[in-house]
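Colleague: I should like to learn how to read a structural model, beginning with a single residue and moving outwards. May we take this one as the example?

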Amino acid sequence: MIHDLMYIELKTGYSDDGPAWIGYVKTSKSKKTIYFNNHAFQKYNGNYSNYIDIENGDEYWISGLKKKESNRHWDGHGKIMIDRRAVKEYLSLIGEKSLPLNLFEVTDIEDKFPIERVNRMLNPKIDNFQCP
């Protein structure tokens, strides 16, 4: 598993101003599956999204962090929730000393990566397999 700091924004029902986070994710080696905040996402080609929540079908935009620009779409609004543990790393990445609190809300994001739950859902035969 790869452990990265990424930008995650909910697109379903919101367009460019949905809830957004900067936090630590776990990804599969291929980066086709991303785990964050008790959700699992797989690559997807939507109109404004690039990942889909495996369990509920919500569409998301997930990307690496931008150094020079806002991570939100230019037409988007709303604060980005950033994991308290990630603030120092993010500030170092963007070359700033403090977060603009009009754009960010510092919060605690729990490390919940539903790898086993999603694997059971995607591979139900494994759970029901019995040796003769």
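Modeller: Let us begin with Pro114, in what is a predicted model. Pro114 has a relative accessible area of 5%, and a residue counts as buried under 20%, so Pro114 is buried.

Colleague: Where does Pro114 lie with respect to the helices and strands?

Modeller: A residue is placed by naming the elements on either side. Pro114 belongs to the loop that follows β8 (104-107) and precedes α2 (115-122).

Colleague: With which residues is Pro114 in contact, leaving aside its neighbours within four places in sequence?

Modeller: Contact here means heavy atoms within 4.5 Å. On that basis Pro114 is in contact with Tyr35, Asn38, His39 and Ala40. For a distance in space, consider Ala86: Pro114 and Ala86 are 28 residues apart in sequence, and their C-alpha atoms are 21 Å apart.

Colleague: How many helices and strands does the chain have, and in what order do they run?

Modeller: There are three helices and eight strands. Read from the N terminus, the order is β-β-β-β-β-β-β-α-β-α-α. The C-alpha trace spans about 65 × 30 × 25 Å along its principal axes.

Colleague: What share of the residues is buried, and what share of the contacts joins residues at least 24 apart?

Modeller: The chain has 132 residues, of which 38% count as buried. Among contacts between residues at least 6 apart in sequence, 52% join residues at least 24 apart.

Colleague: Which residues of the largest nonpolar core touch the most other members?

Modeller: To read a core, one looks for its most connected members and then for the elements that supply it. In this core of 15 residues, Ile22, Ile82, Tyr90, Leu99 and Phe104 touch the most other members. At least two residues come from each of β1 (2-10), β2 (20-27), β7 (80-83) and α1 (87-94). The most come from α1, which gives four residues. Ile82 shows the connections of one member: beyond its neighbours within four places in sequence, its contacts include Ile22, Tyr90, Leu99 and Phe104, as well as Val87 and Thr107. Another core, of 12 residues, lies apart from this one and has Met6, Ile8, Val25 and Ile62 among its members.

Colleague: What remains to be read at the surface, and how many charged side chains of each sign are there?

Modeller: The chain exposes about 8,500 Å², and carbon and sulfur atoms supply 50% of that area. As to charge, there are 19 positive and 19 negative side chains, and the centres of these two sets lie 6 Å apart.

Definitions and conventions: Residues numbered from 1 in each chain as written. Predicted model: local features only at pLDDT ≥ 70, side-chain atom pairs only at ≥ 80, totals over all residues. Heavy atoms only, no water. Buried < 20%, exposed > 50% of the residue type's maximum accessible area, 1.4 Å probe, protein only. Areas by Shrake-Rupley, 256 points an atom, 1.4 Å probe, with all protein chains shown as cover. Lys, Arg positive; Asp, Glu negative; His and termini not counted. Charge placed at Lys NZ, Arg CZ, Asp CG, Glu CD. Core = buried A, V, L, I, M, F, W, Y, C linked by side-chain atoms within 4.5 Å.
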